[in-house]
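Student: Could you walk me through this model, one topic at a time?

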Protein chains: 4
Amino acid sequence: MTKIRAGVYGGSGYAGLDLVEILSRHPGIDLVFATSKTYQGDPVPNTDLCFVAPDTAALDCVDVIFLALPHRASAAVAKRGIDAGVKVVDLSADLRLDSPEAYQAYYDSPHPHPELLPAPYGLPEINRAQLAGVDVVATPGCYPTTVLLGMYPLLRHNALSADAPVIVDAKSGVTGAGRKPSLTTHFAEVYSNLIPYKTGRSHRHIGELEQEAQKLSPQMGPIIFCPHLLPVDRGLMASIYVTLNDSFASSQAQDLFAEAYANEPLVDLLHNDKQATLKHAVKTNRCAISLTPVLDSYLHITSVTDNLRKGAASQAVQNMNLMFGIDETTGLL
Amino acid sequence: MTKIRAGVYGGSGYAGLDLVEILSRHPGIDLVFATSKTYQGDPVPNTDLCFVAPDTAALDCVDVIFLALPHRASAAVAKRGIDAGVKVVDLSADLRLDSPEAYQAYYDSPHPHPELLPAPYGLPEINRAQLAGVDVVATPGCYPTTVLLGMYPLLRHNALSADAPVIVDAKSGVTGAGRKPSLTTHFAEVYSNLIPYKTGRSHRHIGELEQEAQKLSPQMGPIIFCPHLLPVDRGLMASIYVTLNDSFASSQAQDLFAEAYANEPLVDLLHNDKQATLKHAVKTNRCAISLTPVLDSYLHITSVTDNLRKGAASQAVQNMNLMFGIDETTGLL
Amino acid sequence: MTKIRAGVYGGSGYAGLDLVEILSRHPGIDLVFATSKTYQGDPVPNTDLCFVAPDTAALDCVDVIFLALPHRASAAVAKRGIDAGVKVVDLSADLRLDSPEAYQAYYDSPHPHPELLPAPYGLPEINRAQLAGVDVVATPGCYPTTVLLGMYPLLRHNALSADAPVIVDAKSGVTGAGRKPSLTTHFAEVYSNLIPYKTGRSHRHIGELEQEAQKLSPQMGPIIFCPHLLPVDRGLMASIYVTLNDSFASSQAQDLFAEAYANEPLVDLLHNDKQATLKHAVKTNRCAISLTPVLDSYLHITSVTDNLRKGAASQAVQNMNLMFGIDETTGLL
Amino acid sequence: MTKIRAGVYGGSGYAGLDLVEILSRHPGIDLVFATSKTYQGDPVPNTDLCFVAPDTAALDCVDVIFLALPHRASAAVAKRGIDAGVKVVDLSADLRLDSPEAYQAYYDSPHPHPELLPAPYGLPEINRAQLAGVDVVATPGCYPTTVLLGMYPLLRHNALSADAPVIVDAKSGVTGAGRKPSLTTHFAEVYSNLIPYKTGRSHRHIGELEQEAQKLSPQMGPIIFCPHLLPVDRGLMASIYVTLNDSFASSQAQDLFAEAYANEPLVDLLHNDKQATLKHAVKTNRCAISLTPVLDSYLHITSVTDNLRKGAASQAVQNMNLMFGIDETTGLL
């Protein structure tokens, strides 16, 4: 079998580094280049390559590119890849929203390449059918991945009350804030601390989260979202509190989730006497989920991923596997 | 002025150690003894004392005793203190619930001394009038303190919807689990982890929390509570998500809280563009609160304490100050 | 190729869990059982097995057993394995010292099975020739592994001054202290702390360390050893300060080490402008080493391993590979 | 008593913030201003002030200024203060070395104000007599403070072998690296890691350390120094390994240190069966020291400070107390 030749843009960020590590062990991949503006010339960990400048990357020598770039920067490279006939797996936010208007609303600037929208939303457990063989995929954000997987069985059964909000209290490790130094990520500011940020409905991930959730369950209530910066390096926990509608009792939830995820190798539904913890997911490519029924009408869902894996890099590879028609979990188990 | 002579039972646990430290710097206190079964004979940090066995503590030489003991053990010592004419500040759960039946329900065993119930609930910002000059006070748990202070202005104005639950997603440092070694508190199990526990409505603190909240606002909905073990040593954050009733808009909340806490030296209401973080409260004797209005009907409250201070030891001292009629914040600012 | 059937005693401790994880991915191994007194009946992570009681382990169904047991307990199981014709990889201290007298001196009790001594010391980079095809191997302790690899090129060239001590300032993650709960490993005691322990020459690992070092370089000076408990879960750094004798200048060290480790896949000698950090080794099966020449006569060596991998579990597997004549790094790269 | 009016330059760095906190509780101090380029206009924690720009600070309204500024920037402000008749406590490196030549050698640039050298070296336990009533003091670096206090009793008795180096393996919390964001201090780079840096004799603090040590004991051997970045926010441990000369046995050390520090309220010599840990010193203004004699000729000293307190801010206040002739520990116990 000839290998798929891949390039990684933004290979020296935290998601990029995990991506390179996963690709370096993927049996079907030949990693051709990894770019980095900051570290060009330095060795790429887990490979024999050195980082190259984005402009000098051999776009014509690869079959697929992964874009672990900041939003706004990513769209232009995606465009270039598409024009060159190369498949594109974007890990930025640039292709996640369906319309330029939504992008403008959540990212406060015009979309750099509106002609690229909409792109398939790469959350295979939900959208698998739309990803097979396609040329471009938008890999979801870490928060939306974790929250959507935690709610999916309820959403597709329209089990949520239309009159109540969905509360998402989320906690993320510091790699989620990127590798660029800032006071926010200074060790002494984060250590021993817990910091809520972009509370209410102000975090940008609300956009794609509600977009995708409402496709599955248009009548659901608004999402109230509070992320927290957790004093650990990686891992993301979404604590989701939902109100069920009259058609559905909390005691049915465990079975509903078990059925939905029975054949999903990258989702672990925990037994109903266990709680998902950060350690269930960190350094794995899976999402771990546990459920607590509360009274008849309420359900507390804990959904956990590694923000750099199922929340970014490994999900990008899962999408690539689907785009090339190879087994979805290749290189991920 | 003659000093108040104080004794501490359970002085070598984490709350006990903080209590001793605070009392050792309190200008009106003469610390006479601190007991410890495990460490008797060892020096008591921040003092010239050595830990003594509980049985040999000089109960007749003190005016007040603090009980930083496990529940069930505490009630018997409280009884002894009362019989000896000594004031009692209990930090355990034994005196917090109003009836033996409630105690049986939440603590799975008969109350050791039902004749001690009910005792005044020592949350001065709410119950100050009931604490002045009394002989016995039950100091609240760390979670109820933090949650009740975060909700108090809403509760006393009956601003909460009766038809919606109150969601409390809480996170506590490991000292909250006590000093007794167990796998739960083993460094390698907690480090880099985040662990939900006693989810739903199964945590014992639900009992006193709903008891006190409903006294203020009987029609409020049920509390859904999920504590998490946070990989830090101290600090407690309660993220409280409430639905307001029609009489009240989320935009009014900041003013309501500002009014309620204007003269409270141990509650810090943050400006409405700031979020309370663990660092706002850790190693202080205060509760820090921030508010995020969400749409018209929802409010997200972040309430933070040091679980060993305002959540235990310093609140006990605040209660003692009230019991002896001295300035409430003596030794605490 | 038929697989080697393996059993793990003590599979639920931290080293045991890493061992099971490595064996579960080893292409030549069929893991038959893992024992645990505490967790019998529970699933064994990364496998389809459940932990069994040590007494019910199917010793007659395996070709090799790994003993991740406390010292003194381990020797008896080693004896049983040998008597049953099964190869034994011991991770405890029971087989590391060459004589019962040395064991008595360092472990304060008679050796449970003196007839098992001496056993080959399983540090392949040093003793490879003595490990091929043998039936029993003593896997070294985490500190001796890390220190010996950091000194080996100097020892075999007799480059150390006979008149000066070797200073070893070591730092270990908390998993090195085992999984059994104690105040020493309580999260709140270790967090934000750094704790020297068993200072001077009082740590038991001094015994095997000097035994093996002196075999290579009998005239070396005494080792002064200070381990510290580091507030991380895993990783071990040995900072080794040596005085060179007149035959050797510090500027020659980099070449000497480069030559010694040129063909060692599990030792990373860093370029001379880099320092080995904990992250170079944690979650890998390798030892990372960096050198700092100081003046002409002194050398500062930083040697780093994952205490649970090259310091325990992966080195045990490396030894097993040698014992069965398969490629030494199978399952480890 | 009229209060001493003080100003702090560089009040928003980590040492500056601790300095402001200590001064705000100092009974003899009236804090008049704190400067910050980055945070001007923001409230100064623990005070009623707002940060002002350095140029607008009211130098003519204060009796003393503290300079918590970067080296090179500090000397110019020191000069200005001296010219204005204000006492100066410098926390930077600018006044620590006795000659411009030494400054050039260690700081790679000409001294900005050579006329200020030499200045009294502000380590009161060693140099107290030279600090009383003076107008300018150079407060030592965190590493030199901790190491010099750990060696002082030996140095003044010339107890060290002239033929052996002094090994200092040091570990510092991240605040020691300052508050300016960089990849070095990024949470995800430091977390779970341990990083040696400026090994050998390359760290700038070697200059003042050997300068002061050799004043006490000119014949001592060279210092080999390796600092490590520790994954905690504050605290500094120096592990010092010395070889004693023939006049002195390691068993005499405990008495020697006990005598030297008997009347030093800010040095804690631990009992000889205890080891100094980071927790002995963090958030205190003291240095904690423990000793381990090793064989007859070697001594292992553990010396611990809070790098922001006795290693910076509280030592600066201790110096100021001496400069103004008030009790040396005022505001520090």
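**Salt bridges, the chain contact and helix packing**

Tutor: Glu264(A) forms a salt bridge with Arg128(A), and their closest N and O atoms are 2.8 Å apart; a salt bridge here is a side-chain nitrogen of Lys or Arg within 4 Å of a carboxyl oxygen of Asp or Glu. This is a predicted model, in which local features need pLDDT of at least 70 and side-chain atom pairs count only at pLDDT 80 or more, while totals for chains, interfaces and linings use all residues. Residues are numbered from 1 along each chain as its sequence is written, chains are lettered from A and ligands numbered from 1 in the order in which they are written, and side-chain values use heavy atoms, with hydrogens and water left out.

Student: Where do Glu264(A) and Arg128(A) sit in the chain?

Tutor: The pair links distant parts of the chain, 136 residues apart: Glu264(A) lies in the loop between helix H8 (253–261) and strand S10 (267–269) of chain A, and Arg128(A) in the loop between helix H4 (124–127) and strand S5 (136–138) of chain A. Helices (H or I, at least four residues) and strands (E, at least two) are DSSP runs, numbered from the N terminus.

Student: How many salt bridges are there between chain A and chain B?

Tutor: The count between chain A and chain B is 2, whereas the structure holds 72 over all chains. Asp169(B) forms a salt bridge with Lys171(A), with the closest N and O atoms 2.9 Å apart.

Student: And how much area do chain A and chain B bury between them?

Tutor: About 3,100 Å², with 70% of it on carbon and sulfur atoms, where buried area is the accessible area (1.4 Å probe) that two parts lose on being put together, summed over both. In chain A, the residues that lose the most area to chain B are Leu194(A), Tyr241(A) and Lys279(A), together 18% of what that side buries.

Student: New topic: at what angle do H5(B) and H7(B) pack?

Tutor: Helix H5 (residues 142–156) of chain B and helix H7 (residues 205–216) of chain B pack at about 20°, with their axes 10 Å apart; axes are lines fitted to C-alpha atoms, for helices over the stretch in contact (heavy atoms within 4.5 Å), and angles run from 0 to 180 degrees between N-to-C directions. H5(B) and H7(B) are therefore roughly parallel to each other, since angles under 35 degrees count as roughly parallel, over 145 as roughly antiparallel, 65 to 115 as roughly perpendicular and the rest as oblique.
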